[in-house]
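Here is a quick tour of the model, written for someone who would rather look at geometry than read a catalogue. Keep the viewer open and follow along.

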Amino acid sequence: MRDPARLDAADIVIDARNVTLTLGAAAAPVDILKGLDLVVRAGERLAILGPSGSGKSSLMAILSGLEAATSGTVVVAGRDFVGLSEDGLAEARRGRIGIVLQAFHLVPTMTAIENVAIPLELAQAPDPFGAARRELEAVGLGHRLQHYPAQLSGGEQQRVALARALAVRPAILFADEPTGNLDGVTGAEIIELMFRRLDETGATLVLITHDPFLARRCSRIVTMRDGRIVADEQPVPVPVAAP
């Protein structure tokens, strides 16, 4: 395990200590996370690996501000998440965190450019549609700006989701099984694109996966089992293929 004391505080984008998550009724509580500690450096490429039910997606939900921890401390991109309401967590995420999920979660009644412009408008960017167009061009969809999600393939929808997540230049990109709804070839293309865009934007990556080979694309792998971190290692990463 890493020693958090050896990291420069200014270099830390995630500092989570003794994090627990308990769900269910008080009479029959279910412990999902059991006292986790995790520190992540700026620019790191971190994979959280584990089988279904290990708690990895629940940990991502807490670190990304989608869910509140039952106890512990969670400081992400300079914001303390502890004690924040749902609205407070949404405000804390804004401009700091980008999220790409297995399901694309695009707004079906909005075009590709409108979907990408949403976070830019919320962040009061000066030219949200101009920036959204540039983001879509960067993921190879400059010719699909006015298409609705139903008119796009699965791979194209995930490209829109990636453009939307990175549009505001967040400090951290969380990706939860981002290729889970895609075929193997399309999924590999999305992973190549994601790593390229991360290199271009400088965002830290937290990748949730059950795939050990995909995890090895990262410079650090944290393995979870039964709500706990059981390993933290730095393997030799698999090289990223040239575009």
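His105 sits in the loop between E6 and H3. Bear in mind that this is a predicted model. His105 is not a glycine, yet its phi is positive, about 55°. As background, most residues other than glycine have a negative phi. Is His105 buried or exposed? Its relative accessibility is 54%, so His105 counts as exposed, the cut-off for that label being over 50%.

Glu177 is another non-glycine residue with a positive phi, in this case about 45°. You'll find Glu177 in the loop between strand E7 (172-176) and H6. Its relative accessibility is 14%, so Glu177 counts as buried; the label needs a value under 20%.

Gly65 also has a positive phi, near 80°, and it follows H1.

**Helix H1**

That brings us to H1 itself. How many of the eight residues of helix H1 are buried? Six of them are, so the helix (residues 56-63) is largely enclosed by the rest of the structure. The buried set consists of Lys56, Leu59, Met60, Ala61, Ile62 and Leu63; note that a lysine is on that list.

Take Ala61, which lies in helix H1. Its relative accessibility is 12%, and on that basis it counts as buried. If you want a long-range pair to look at, try Ala61 and Phe174: they are 113 residues apart in sequence, with 9.2 Å between their C-alpha atoms.

**Two strand residues**

Now for a couple of strands. Leu46 is found in strand E3 (residues 45-49), and it is buried, with a relative accessible area of 0%. Between the C-alpha atoms of Leu46 and Asp80 there are 21 Å, and the two residues are 34 apart along the chain.

Val230 belongs to strand E10 (residues 228-233). With a relative accessible area of 41%, Val230 is partly exposed. Its C-alpha atom is separated by 9.8 Å from that of Gly50, though the two residues are 180 apart along the chain.

**How the helices pack**

Next, the helix pairs. Two packed helices are described by the angle between their axes and the distance between the axes. The table puts those values side by side.

| Helix pair | Angle | Axis distance |
|---|---|---|
| H3 and H4 | about 120° | 8 Å |
| H5 and H6 | about 15° | 10 Å |
| H3 and H5 | roughly 25° | within 8 Å |

Start with H3 and H4 (residues 128-138), which pack at an angle of about 120°. That angle makes H3 oblique to H4, and H3 passes H4 in a right-handed crossing.

For H5 and H6 (residues 184-201), the packing angle is about 15°. This makes H5 roughly parallel to H6, angles under 35 degrees being counted that way. H5 passes H6 in a right-handed crossing.

H3 turns up again with H5, where the axes cross at roughly 25°. H3 and H5 are therefore roughly parallel to each other. Here too the crossing is right-handed, with H3 passing H5.

**The largest pocket**

Finally, the pocket. How much space lies in the largest pocket? About 570 Å³. It is lined by 20 residues, and the closest to its centre are Arg93, Ile97, Ile99, Pro119 and Arg164.

Which elements supply at least two residues each to that lining? They are helix H2 (86-93), strand E6 (97-100), helix H3 (112-122) and helix H5 (154-166). H3 and H5 are thus among the contributors, and they are also the pair whose axes come within 8 Å. The largest share of the lining, four residues, comes from E6. E6 also borders the loop that holds His105, with H3 at the other end.

As for chemistry, the lining divides into 14 nonpolar, three polar and three charged residues. Two arginines, Arg93 and Arg164, are among the residues closest to the centre of the pocket, alongside Ile97, Ile99 and Pro119.

Terms used. Residues numbered from 1 in each chain as written. Predicted model: local features only at pLDDT ≥ 70, side-chain atom pairs only at ≥ 80, totals over all residues. Heavy atoms only, no water. 1 Å grid on protein atoms, 1.4 Å probe; cavity = no way out; pocket = protein on both sides within 12 Å on 5 of 7 lines; lining within 4 Å. Points joined across faces, edges and corners; volume = space filled by probe spheres on them. Nonpolar A, V, L, I, M, F, W, Y, C, P; charged D, E, K, R; others polar. Buried < 20%, exposed > 50% of the residue type's maximum accessible area, 1.4 Å probe, protein only. Axes fitted to C-alpha atoms, helices over the stretch in contact; angles between N-to-C directions. Parallel < 35°, antiparallel > 145°, perpendicular 65-115°, else oblique. Left-handed = near helix turned anticlockwise from the far one by under 90°.
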